[in-house]
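This report describes selected helix pairs, one sheet and two backbone features. The structure is shown below.

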Amino acid sequence: MSYTKPVFHHPHLTKNELGYTKKDYEGSLSTLCAGCGHDSISAAIVEACFELNIEPHRVAKLSGIGCSSKTPAYFLNNSHGFNSVHGRMPSIATGANLANRDLIYLGVSGDGDTASIGMGQFCHVIRRNLNMIYVVMNNGCYGLTKGQDSATADKGSKAKAGNVNPYEGIDLCGLAIELGATFVAQSFSGDKSQLIPILKAAMSHKGFALVNVISPCVTFNNNVGSTKSYDYVREHNESLGRVDFVPLGEEITTQYEAGEVKEVKLHNGSEVLFHKLRQDFDPENKIEVINALQKARSQNEILTGILYLDNSGVELNDLLNTTEVPLNQLSEKELCPGSAVLSEINQGYR
Amino acid sequence: MIWGKIMWITKLQCLLLLTCAKMEQLWIINYTCMERTNVNNPEYYHKVVDCQYACPAHTPVPEYIRLIAAGKYTEAYMVNWESNVFPGVLGRTCDRPCEPACRRGRVEEEPVAICRLKRVAADHKSSIQHLLPSIPEQKNGKRVALVGGGPASLTVARDLAPLGYEIDLYDDQMKGGGMMRSQIPSFRLPAEVLDEEVDQILNLGISAHFNTRVNSLRDLMAKGYDAVFVGTGAPKGKDLEIPGRHDAGANIHIGIQWLASVAFEHIHQIGKKVIVLGGGNTAMDCCRTARRLGGEQVKVVVRSPFAEMKASPWEKEDAMHEDIPIIDNHVPKSFVVENGKLKGVMFEKVSPVYEDGKRKLKPTGEPDVLIEADDVLIAIGQENTFPWIERDLGLEFDQWGMPIINPHNFASTVKGVFFGGDAALGPKNIITAVAQGHEAAISIDLYCQGKDLNERLEPRTKLQSTKMGIHEWSYDNYVAADLRYAVPQADKSETLRDRKKEVELGFDLKTAFKEAQRCFNCDVQTVFADDKCIECDACMDICPTSCITFTYNEEDEAALRQKLLVPALNLEQDLLVSGPLKTGKVMVKDEDVCLHCGLCAERCPTAAWDMQKYLYNTAKAGHHCYV
């Protein structure tokens, strides 16, 4: 068994604008099971950061507990990282974000870490519109404890041992839209051509971005009858159409016929192009999106793509009017302005 | 519009009949997507083993390197001996076409020191007597004559003796080995090493007739041999006919003849100032030998630019290490003789000009240069010569005096007369002579058994999984990052004093192990089973050298090569293409820089990838198997 990756890489790897190759965004050798969907998501994150020319030191990786939450060790080895308590990743992300709004906060969580033990934290971080990317590696089971059904397992889904899940599954995307998330996407670990542009758009979105990725557990939940297996997801994947991410400064050169493409501008000037949109679907119309989600659910379809995008939201730092300058760059004088200022503040409450 | 439809249909990989009304012709468009690679062709996986594929004798290099790493030197020697017959000799003197081909050279800077690892096997083996083929006491009734005692003839002898042939070997030298003895100096190849490997063959019951020159092929054939093999090499050194050549003949020598005279101890010294003309490996041997025979100011002067000299880079380095300057871009114009004594050589200075890919040496216009010399050695090439073959035997020669030889079965135009080595297709090197010897032996055997010479024997191949457990392999798949280790050399002050003192000391066993670990094990193949793949992308994500891509197939290979993760631009390296998978995509692997690290197989949840060791042995006469 190999514990390290060979140091060699392809001699003709392309470099991005920063002069980095994809190798520079990789992490250590994964210890997850062979064929785990999470590894594909890690690879997609590597690719997205490479293509967005993100300097690795500008990213903070945050995670909770679980198979999914181990993955930050397997990508972006040159970024900051915090492996927190089970289900408490949003709190750490909130604290870090308020202290330094310059970094890109990439939270990685699983279905247990999010929809069970971390459900409360998940709901509140969405309400507050914290500026972060929240990736859920959703395999519908507790892989780290031998595959029990998780809260996102669909009703009727069959586990490896044969038991059928009697409970309703939580739809994280529907819930997030309900709670006011400003960017909600759903994708599949086995379809990088869709996942990578979604991640790039999420990283460019200002505000809370949920990316729920169905990620088959090859060891415990890839059997016939499971609704989160490679085969099932491929068969029931109802894509909303291709999503293209166009970074700031790049021109859209292709001509599209009217109604074929919808362009949405993000805060940082980059654009998301929605191709072949369905007639009944507008990603900026919450009611239509909720309808589409419910309809897909009733037809056993998994809706994938960027489901909802709201550019009008105000992210938490702006709401609270926090400092633009990271706390670690402020001097003692600014952080402790003295008793005169304190009494002035106190005076304001009298 | 019809074209659009056709393109779509053709994506389904079909044979399409299309009537072109305008031209009233029936066109048959055989449209194919890239088809699934046929890995049952024994040459597909063979080609992946770059070193073995590049070796004229196709020695299974990674196989013996693994044995060396395991300390099994005798076994490693025998793998070599079966294939190249002279592991100890070649481990010191081979032209090593394997090394420029080594995949390691495409991933980091330097290839594995394959040649010198071979020497490790030869130096550290134990007795191999019990492993040598047994010679049948009951002969098969066929007699074969071998003319010349060099590597080609000895290979034929080795291959035919175990089959029961009676073999007579004729050579005009006092001992066997041919040019390996007469042209390769002892400081590169000690006589004991050569003796051992020549005797190993002669002891297989070969009747050797040394100091016996064959002066007539007709007389030889009259002795009733069933077949004759000619392995007489390229024994004639080229002369340089420029003014003054014959005025001071005593101090102007033909390189290979001079080397032979040194080897057989007819010459013991040379002047203090020596010029060696020529830029090949013989020139390097000449200048280094001259340094050991009293030459103090030895210079190599060559017409071509330094970088384009024929000599191997390491031979040039060794010469320069012995304080021998190499002066390039100098064309000899005349030998300068004063009072009947050689004074030196006059050179014209030139510079290379490249027109239409061809090189021309144009005079620079600078004044000619006189380089003084007491002796001059001419090493500008060698030629074949066949004065002993009567021209009325029906053995046809071409306009350059070379016999007409079939390059596949090495038959001449006279039935039963075969050629091999430098005598067959012109001067090359030892390993090529060995490879040709094997083929000629197969032909002689087929001929003597009354079979068709063109029904060549298939190679022996074996593809076997190395899987030992879930993520365990029977080969060491760790990829060492070590850079190439240098072979230690004896001190110059010692080696220049003694012509017979070997310069290279060979790897010590610890270094040999580390060098052996640099081998990627390219013979452990990445074997892909389409039907097991669930397209999870794990192999594509993990591959450290980005060799694997899952993508939609293309009509032609060039387009497919372009759309891989890293475009496959090295056209000499093949693509491994799977059949269509469940999603309609195919798996494409570019073999170019695969590290054979096995990570694709370790990360595969369904064992669609397996690491399987591929052993490829070229056929030997009579399908004889030595190891």
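Are H4(B) and H5(B) roughly parallel or roughly antiparallel to each other? The model in which this is examined is a predicted one. The axes of helix H4 (residues 61-69) and helix H5 (residues 73-84) of chain B cross at roughly 165° and come within 8 Å. Because angles over 145 degrees count as roughly antiparallel, H4(B) and H5(B) are roughly antiparallel to each other. The crossing of H4(B) with H5(B) is left-handed. On the side of H4(B), the contact is formed by B:Glu63, B:Tyr64, B:Leu67 and B:Ile68, and H5(B) contributes B:Tyr73, B:Glu75, B:Ala76, B:Val79 and B:Asn80. By class, six residues of this contact are nonpolar, one is polar and two are charged.

A second helix pair of chain B consists of H15 (residues 281-292) and H16 (residues 313-321), whose axes come within 10 Å and cross at roughly 20°. H15(B) and H16(B) are therefore roughly parallel to each other, and their crossing is left-handed. Here B:Asn281, B:Met284, B:Cys287 and B:Arg288 of H15(B) meet B:Glu315, B:Lys316, B:Asp318 and B:Ala319 of H16(B). The contact of H15(B) with H16(B) comprises three nonpolar, one polar and four charged residues.

The two helix pairs are set out in the table.

| Helix pair | Axes come within | Crossing angle |
|---|---|---|
| H4(B) and H5(B) | 8 Å | roughly 165° |
| H15(B) and H16(B) | 10 Å | roughly 20° |

Chain B also contains an open sheet of three strands, ordered S19-S24-S20, with antiparallel pairing. Strands S19 (460-465) and S20 (524-528) of chain B lie at the edges with a single partner strand each, so one side of each has no neighbour in the sheet. On average, neighbouring strands of this sheet are turned by 35° against each other, direction ignored. S20(B) and strand S24 (residues 609-617) of chain B run antiparallel and are joined by five bridges. B:Val524 is placed opposite B:Lys613 in S24(B).

Two residues are notable for their backbone angles. A:Leu76, although not a glycine, has a positive phi of about 45°. A:Leu76 is located in the loop between helix H2 (67-70) and strand S2 (80-83) of chain A. A:Leu76 counts as buried because it has 24 C-beta neighbours inside 10 Å. B:Asp323, also a residue other than glycine, has a positive phi near 65°. B:Asp323 lies in the loop between H16 and strand S11 (326-327) of chain B. With 12 other C-beta atoms within 10 Å, B:Asp323 is exposed.

Technical notes: Residues numbered from 1 in each chain as written. Chains lettered and ligands numbered in written order. Predicted model: local features only at pLDDT ≥ 70, side-chain atom pairs only at ≥ 80, totals over all residues. Axes fitted to C-alpha atoms, helices over the stretch in contact; angles between N-to-C directions. Helix = DSSP H or I, 4+ residues; strand = E, 2+ residues; numbered from the N terminus. Parallel < 35°, antiparallel > 145°, perpendicular 65-115°, else oblique. Left-handed = near helix turned anticlockwise from the far one by under 90°. Contact = placed C-beta atoms within 7 Å. Nonpolar A, V, L, I, M, F, W, Y, C, P; charged D, E, K, R; others polar. Pairing = 2+ DSSP bridges. Buried ≥ 20, exposed ≤ 12 C-beta atoms within 10 Å, placed from the backbone.
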